[in-house]
There are 2 protein chains.
Amino acid sequence: MPTSNQHKAGDLHFLKRLNRSAILELVRRSPGLTRADIATEAQLTKATVGVCIQSLLEQGWLREGELQKSSGGRPGRALHLNEERHVLFGAEVGVHGLRLVACTLAGHVLASHHEHLVPTTPEVTAELLGELLRRLMSEVRVKDRLCLGLGVALPGPIAPDKPVLRLAPNLGWRDIRFLELLRPHLPQLEGVWLMDNEAKAAAFGEHYFRTGHVPESLIYVSAGTGIGSGMVVGSHPPLLTRGVQGLAGEIGHTILQPGGLYCHCGNRGCAETLVSGWTIRAALSIAEEEDLIATLLPRLEEPEVQVALRRAGEALGVLLLNLHHTQNPAEIVLGGSLTQLGDPLLAPALDFFKSNQSRLLGTTQQVPLRVIQDSTFIAARGAAAQVLASLIHGSNDLI
Amino acid sequence: MPTSNQHKAGDLHFLKRLNRSAILELVRRSPGLTRADIATEAQLTKATVGVCIQSLLEQGWLREGELQKSSGGRPGRALHLNEERHVLFGAEVGVHGLRLVACTLAGHVLASHHEHLVPTTPEVTAELLGELLRRLMSEVRVKDRLCLGLGVALPGPIAPDKPVLRLAPNLGWRDIRFLELLRPHLPQLEGVWLMDNEAKAAAFGEHYFRTGHVPESLIYVSAGTGIGSGMVVGSHPPLLTRGVQGLAGEIGHTILQPGGLYCHCGNRGCAETLVSGWTIRAALSIAEEEDLIATLLPRLEEPEVQVALRRAGEALGVLLLNLHHTQNPAEIVLGGSLTQLGDPLLAPALDFFKSNQSRLLGTTQQVPLRVIQDSTFIAARGAAAQVLASLIHGSNDLI
DNA sequence: AACCATTAGTTTAATATCAATACTAATTCG
DNA sequence: CGAATTAGTATTGATATTAAACTAATGGTT
């Protein structure tokens, strides 16, 4: 959770940290830069960069790589994140189970685990998650690495000022301080602990762990039992918009059909009444005990299924276009379990989005929309990304 | 236009500017603070604050005010913005005319002018605006003050990377570099020149010129011929979300009724087909030559008018609720010419918004929704605010 | 009224950071 | 093999903040 800047004033110590962060961020986003490249990019002198890199190397954040090709001069030494020394943990509590990852500074997954679980109490969930995380910790031999912390993604809005899950309708939870429940089961897990909404964590990870060209902003849409989204604006540090009550991104409850069907939230015509796991279940009479995706995949050719998915897909297309005209992100990433249903659902959505997004400005370049077919560990990995970001950009002195 | 931070590294000069900005911002937001208050708030030492205040006083940005009440010690000296030494200019090019303001550092309007004008070419508009601004400059005796610059608000999306108005459907303009057209007519107007979308400028001004408690984020909804909006996230410096193509906030083209009426953008069921100046005109057969508001105000009791406005108001309510569930701002400000129609339009909108916004989280505190009945100069003043912000937070060395 | 405690603000010396410069190191090209 | 070029390091210097001591101004107490 990148700290939202307060009234920004700073001392020399702050300045040094700022420059360390900026340099680390540069190497993170563009692996293989040399000291000279960094000096140019960050507008610092070679001397300053040199000293800073020195200490980042000594502390194990960076490693030196190969020599770069020279074009008539001393070749520079490439710099990379040192992925051997640290480990980040991420977890997602979902409606259908728990997902856990351990990953490196660059977001590479060292180990992961997926455990099915029917919704139960927060206490039982925390205990199980604790046990699974302990197992994961031994699997990655956490003694060999410095553990930077744990991020937990949860299926509902989080209070913006304190780590409380305000509501998780699909779990039947309300006002849960999940980290406090989890901590007794994981006394040995050091570092930053944080929690966030599942779609926001996913959005953050999709943006933060990208290298090379990074989009100016990004929205992740999570289409599963419900529909959520998260937006990152990449303003160094990347900023997650949470909303004053943590409700930003609750696009499943934007109204697409005034006077339409009743939603479980009590309102009428919410997007979730047109596209969501439970709407598709209702339309096709699929019981809650059955796995929606597993049930549907063999039935995709059935006309009844095709119709239901096309209708849902059309609504999803409207939802995406509305995001485009409300937030206009540089990229949209579509994930969540429903993407596994493929073209019957996605083709209508993508077609609508692509053919209508340039209505206002005429033919400008299209906003890329990327579909993630297997988004199993996206949110867990994103929560781990938030741990790293909070260390790099926060007021912590570890970095 | 606050500069979006690049890869943030900095030297001592940068640090000093940062602290100067932070201190100036503190006084701007909380007039009457003492040096000691500032040292506490900004986490700087008294020495640093003292030196910095000294130079801000000498350069005319601040003035010392009254002594504060003491509670058993030397009383502090209140500090305020010095509103005597500078002037900001702002202008709005609207569908029905030009609006101009000259204002102080605190946003107080020194002089203003409203000129009716039927849509014409950018060149003619620029020439007229130039003349009116010159007149305003002499009116505020600009020789007595340092002119900090001019902001121009325009009714359409602006390219995010360069000062180009991409489209203004209601003026019939496309890809206009308005500032370049204006500059020859105002060679004597010094300082920063910038332009922005009308709703974004308004949003910025409503946030930036507020003192005391400042909302964490704010959306301004401009309901006039079309419907636009702008969002400010107050992350020091306050950040306007523009979107990768400048389309953020184009909520008039979010779809509220899939398969509904055709909008002039070519899509179906856009919000503007349900609530906007031109929709109300169409519903009540009011010709374009007539002033919509002036025509309707005496007719508000007519059943036909009541029905049309109630329908539009209901759609506006849905739009506001969708903003709540997408961006969840800490405050919504509703302005634009349509607010002058009062309760027949606004009551249904506000009722719907207020009674449905706590669906998800249950009874939490309401998000305040403030209606501005007379928003004539809001956008022009907001554009002036952007000039000030770009000086305080930008890389400019004036401050 | 004199004095003390308290808080505001300034001055001075010390410290820390980055910049500038000069330097060494390693490569290509002729 | 040497000149040119670029990478990276070491030394010195400029500058911003800090810490600590100091002056200033007020309220309360004796």
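This is a short chat about how two protein chains meet two DNA strands in a predicted model.

Reader: Before we start, how are things numbered, and what counts here?
Author: Residues are numbered from 1 along each chain as its sequence is written, while chains are lettered from A and ligands numbered from 1 in the order written. In this predicted model, local features need pLDDT of at least 70, side-chain atom pairs count only at pLDDT 80 or more, and totals for chains, interfaces and linings use all residues; side-chain values use heavy atoms, with hydrogens and water left out.

Reader: OK, which residues come nearest to DNA strand C?
Author: A:Asn19, B:Lys46, B:Gly73, B:Arg74 and B:Arg77, out of 28 residues around DNA strand C. A residue is near a strand if one of its heavy atoms lies within 4 Å of it. Sugar and phosphate make up 68% of the atoms of DNA strand C within 4 Å of the protein.

Reader: What does the side chain of A:Asn19 sit 2.8 Å from?
Author: A phosphate oxygen of DNA strand C, paired with an N or O atom of that side chain. That's a polar contact (a pair of N or O atoms within 3.5 Å).

Reader: And B:Arg74, what does its backbone meet?
Author: A polar backbone atom of B:Arg74 is 2.8 Å from a base oxygen of DNA strand C.

Reader: Switching to DNA strand D, which residues come nearest there?
Author: A:Lys46, A:Arg74, A:Arg77, B:Asn19 and B:Thr48, of 27 around DNA strand D.

Reader: What does B:Asn19 reach?
Author: A polar side-chain atom of B:Asn19 lies 2.6 Å from a phosphate oxygen of DNA strand D.

How values were computed. A polar contact is a pair of N or O atoms within 3.5 Å; within protein, one must be able to donate a hydrogen and the other to accept it, and residues adjacent in sequence count only if both atoms are side-chain atoms.
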